[in-house]
Amino acid sequence: MRSGFDYESLGRRIRKVRKEKNLTQEKLAEACNLSTAHIGHIERGTRALSIESLIIISQVLNVSTDYLLLDISNHTDNKLSRIIDSVDNAKEDKCNILYSVIKILVENIDKL
């Protein structure tokens with residue numbers, strides 16, 4: 001595929017993360033509502049993908065689009081994503097308590 005963007009590298013990063021998550025192309029395609037053939041083309045870099053598909057793939061794989069597009073890993077985002085995922089289904093009162101605890105920790109981190 002000819003363009004200024006390196007679709008092969010994008011595809012390699014998607015494949016790498018997919019395999020790290022122990023997902024088959026079929027499972028990733030199903031979770032993203034894409035065809036398995038399209039995922040295969042994306043991973044080989046022989047087909048471009050829409051922004052919408054990129055975002056869905058990044059969400060399913062739980063990685064940033066920055067990483068997939070440019071190999072930029074933002075560890076802070078990954079840590080925050082894990083925290084958010086762990087409290088995602090918590091009740092609002094528990095989330096408020098957690099927020100208060102985090103705020104106190106941040107304000108006093110230098111004293112620890």
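# Notebook: a walk through a helical chain

I began with burial, and buried residues make up 24% of the 112 residues in the chain. A reminder to myself: this is a predicted model, and I read every value below with that in mind.

**Entry 1: the overall build.** I looked up the secondary structure next. The chain has seven helices and zero strands. Following the sequence from its start, I wrote the pattern down as α-α-α-α-α-α-α. For the surface, I found an accessible area of about 8,200 Å², with 53% of that belonging to carbon and sulfur atoms. I also checked how contacts are spread along the sequence. Of the contacts with a separation of 6 or more, 53% are between residues 24 or more positions apart.

**Entry 2: helix α3.** Which residues of α3 are buried? I found H38, I39, G40, I42 and E43. I then asked what these buried residues pack against, and my note reads α1 (7-20), α2 and α4.

I stayed with E43 for a while. This residue sits in helix α3, which covers residues 36-44. Is E43 buried or exposed? Its relative accessible area is 1%, and buried means under 20%, so E43 counts as buried. Leaving out residues up to four places away in sequence, I listed what E43 touches: E8, G11, R12, I14, R15, R18, Q25 and L28.

Just after α3 I came to G45, where phi is positive, at about 80 degrees.

**Entry 3: L10 and its surroundings.** I moved to helix α1, where L10 has its place. L10 has 1% relative accessibility, so I marked it as buried. What does L10 touch, once residues up to four places away in sequence are set aside? My list holds F5, L49, L54, L68 and L69. I also went back to G45 for a distance. L10 and G45 are 35 residues apart along the chain, and their C-alpha atoms are separated by 7.1 Å.

**Entry 4: the aromatic pair.** F5 was on the list for L10, so I searched for ring pairs. How many aromatic pairs are there in the whole structure? The search gives one. The partners are F5 and Y7, and their ring centres lie 4.9 Å apart. The planes stand at 75 degrees, and over 60 counts as edge-to-face, so that is the name I gave the pair. I checked the cover on F5 too: at 28% relative accessibility, F5 counts as partly exposed.

**Entry 5: α2 against α4.** Now for two helices together. Helix α2 spans residues 25-32 and helix α4 spans residues 51-61. Their axes come within 9 Å and cross at roughly 115 degrees. I noted the crossing as right-handed. Which residues meet here? From α2 I wrote down L28, A31 and C32, and from α4 I wrote down I56, I57, V60 and L61. Sorting the residues of this contact gave me seven nonpolar, no polar and no charged. L28 is a name I had met before, as one of the residues that E43 touches.

**Entry 6: the loops.** I finished with three loop residues. R47 is in the loop between α3 and α4. With a relative accessible area of 40%, R47 is partly exposed. I looked up its distance to G11, which is 36 residues away along the chain, and the two C-alpha atoms are separated by 9.4 Å. G11 is also among the residues that E43 touches.

N33 lies in the loop between α2 and α3. Its phi is positive, near 60 degrees, in a residue other than glycine. Is N33 buried or exposed? At 71% relative accessibility, and with exposed meaning over 50%, N33 counts as exposed.

N62 was my last stop, in the loop between α4 and α5 (65-70). N62 is not a glycine, yet I found a positive phi of about 60 degrees here. Its relative accessible area is 36%, so I noted N62 as partly exposed.

Technical notes
Residues are numbered from 1 along each chain as its sequence is written. This is a predicted model: local features need pLDDT of at least 70, side-chain atom pairs count only at pLDDT 80 or more; totals for chains, interfaces and linings use all residues. Side-chain values use heavy atoms; hydrogens and water are left out. Axes are lines fitted to C-alpha atoms, for helices over the stretch in contact, and angles run from 0 to 180 degrees between N-to-C directions. Helices (H or I, at least four residues) and strands (E, at least two) are DSSP runs, numbered from the N terminus. A crossing is left-handed if the near helix is turned anticlockwise from the far one by less than a right angle, and right-handed if clockwise. Contact means heavy atoms within 4.5 Å. Ala, Val, Leu, Ile, Met, Phe, Trp, Tyr, Cys and Pro count as nonpolar, Asp, Glu, Lys and Arg as charged, and the others, Gly among them, as polar. Buried means under 20% relative accessible area, exposed over 50%, partly exposed in between (1.4 Å probe, protein chains only). Accessible areas come from the Shrake-Rupley method with a 1.4 Å probe; for residues, only the protein chains shown count as cover. Rings of Phe, Tyr and Trp (its six-membered ring) pair if their centres lie within 6.5 Å; planes under 30 degrees apart count as stacked, over 60 as edge-to-face and the rest as tilted.
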